[in-house]
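Visitor: Could you take me through this model with questions and answers, giving the reasoning behind each answer?

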Amino acid sequence: MSGWGVETVEGRSCFALRFDPVDEDRSLYRGTVWIDRETYRRVKAQTVQTHLVSPVLSSEEIHYFSSAGTLDGQDIQLLTRLVGRQIMLIAGRNLMVERGVRFEAFQLNPADFATQRE
């Protein structure tokens, strides 16, 4: 781990834990995880893949966690949004591609789970 601090994310005071690859010669990840100082739950995670091979110059993902509902009186925090960004070198030009994914309408232990699974 390369360090930590305290930062505000989406209005919440968070521990910011920074990490770096253990081997700079391999394609691994560096980034930051933000953990709520009151609940100790993940709020956000940002990762950047290192040591990439052309044409991909940069690859970053940001994960956002928030409440998906309650189960047995317990608030359930899940990945609710993901943003991915890649920079690629194509025909001598940098091209940035961004994708966003939202997860919503969670059903936590629905009564008809076995039927849905079939």
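What follows is a conversation about a predicted model, moving from the sheet to side-chain pairs and then to the backbone.

Visitor: In what order do the seven strands of the open sheet lie?

Guide: Strands of a sheet pair through backbone hydrogen bonds, either parallel or antiparallel. Here the pairing is antiparallel, and neighbouring strands are turned by 20° against each other on average, with direction ignored. The order of the open sheet is E1-E2-E3-E4-E5-E6-E7.

Visitor: Which strands stand at the edges of that sheet?

Guide: A strand at the edge has a single partner strand, so one side of it is left without a neighbour in the sheet. The strands in that position are E1 (3-9) and E7.

Visitor: Which residue stands opposite Arg30?

Guide: Arg30 lies in strand E3, and E3 is joined to E4 by seven bridges, the two strands running antiparallel. The residue that stands opposite Arg30 belongs to E4 and is Val48.

Visitor: How many residues apart in sequence are the parts tied together by Asp20 and Arg30?

Guide: Side chains of opposite charge can pair when their charged atoms come close. The side chains of Asp20 and Arg30 meet in a salt bridge at 3.2 Å, N to O. Because Asp20 lies in the loop between strand E2 (12-19) and strand E3 (29-36), while Arg30 lies in E3 itself, the separation in sequence of the parts they tie together is 10 residues.

Visitor: Is Asp20 buried, partly exposed or exposed?

Guide: The class of partly exposed lies between the limit for buried, under 20% relative accessible area, and the limit for exposed, over 50%. Asp20 has 34% relative accessibility, so the residue counts as partly exposed. Its partner Arg30, at 30%, also counts as partly exposed.

Visitor: Which residue is linked with Asp20 and Arg30 in a network of salt bridges?

Guide: The structure holds eight salt bridges, and one of them joins the side chains of Asp20 and Arg30. The network that contains these two residues also includes Glu24.

Visitor: Which residue does Arg41 meet in a salt bridge?

Guide: Arg41 lies in the loop between E3 and strand E4 (42-49), and its partner lies in strand E6 (residues 74-90), so the pair ties together parts that are 34 residues apart in sequence. Arg41 is partly exposed, with a relative accessible area of 26%, and the partner is partly exposed as well, with 25%. The N to O distance is 3.1 Å, and the partner is Asp75.

Visitor: What is the N to O distance between the side chains of Glu61 and Arg99?

Guide: Glu61 is partly exposed, with a relative accessible area of 24%, and Arg99 is partly exposed, with 42%. Their side chains meet in a salt bridge, and the N to O distance is 3.0 Å.

Visitor: What kind of aromatic pair do Phe15 and Tyr40 form?

Guide: The structure holds two aromatic pairs. Phe15 and Tyr40 form a pair with 6.4 Å from centre to centre and 15° between the planes. Since planes under 30 degrees apart count as stacked, this pair is stacked.

Visitor: Which residue joins Phe15 and Tyr40 in a cluster of ring pairs?

Guide: Phe15 lies in strand E2 and Tyr40 in the loop between E3 and E4, so their pair ties together parts that are 25 residues apart in sequence. The cluster linked by ring pairs also contains Trp4.

Visitor: What is the phi of Asn109?

Guide: Most residues other than glycine have a negative phi, and most peptide bonds are trans. Asn109 lies in the loop between E7 and H1 and counts as exposed at 61% relative accessibility. Although Asn109 is not a glycine, its phi is positive, at about 50°.

Visitor: Which peptide bond is cis, with omega near 20°?

Guide: Pro55 is placed in the loop between E4 and E5. The cis bond leads into this residue, running from Ser54 to Pro55.

Visitor: What is the area of the nonpolar surface patch made by Leu78, Phe103 and Phe106?

Guide: Phe106 is found in the loop between strand E7 (93-102) and helix H1 (113-117). At 33% relative accessibility, Phe106 counts as partly exposed. The patch that Phe106 makes with Leu78 and Phe103 has an area of about 230 Å².

Conventions:
Residues are numbered from 1 along each chain as its sequence is written. This is a predicted model: local features need pLDDT of at least 70, side-chain atom pairs count only at pLDDT 80 or more; totals for chains, interfaces and linings use all residues. Side-chain values use heavy atoms; hydrogens and water are left out. Patches are made of residues with over 30% relative accessible area and no salt bridge: like charges are joined within 9 Å, nonpolar side chains (Val, Leu, Ile, Met, Phe, Trp, Tyr) within 5 Å. Accessible areas come from the Shrake-Rupley method with a 1.4 Å probe; for residues, only the protein chains shown count as cover. A salt bridge is a side-chain nitrogen of Lys or Arg within 4 Å of a carboxyl oxygen of Asp or Glu. Helices (H or I, at least four residues) and strands (E, at least two) are DSSP runs, numbered from the N terminus. Buried means under 20% relative accessible area, exposed over 50%, partly exposed in between (1.4 Å probe, protein chains only). Two strands pair if DSSP finds at least two bridges between them. Axes are lines fitted to C-alpha atoms, for helices over the stretch in contact, and angles run from 0 to 180 degrees between N-to-C directions. Rings of Phe, Tyr and Trp (its six-membered ring) pair if their centres lie within 6.5 Å; planes under 30 degrees apart count as stacked, over 60 as edge-to-face and the rest as tilted.
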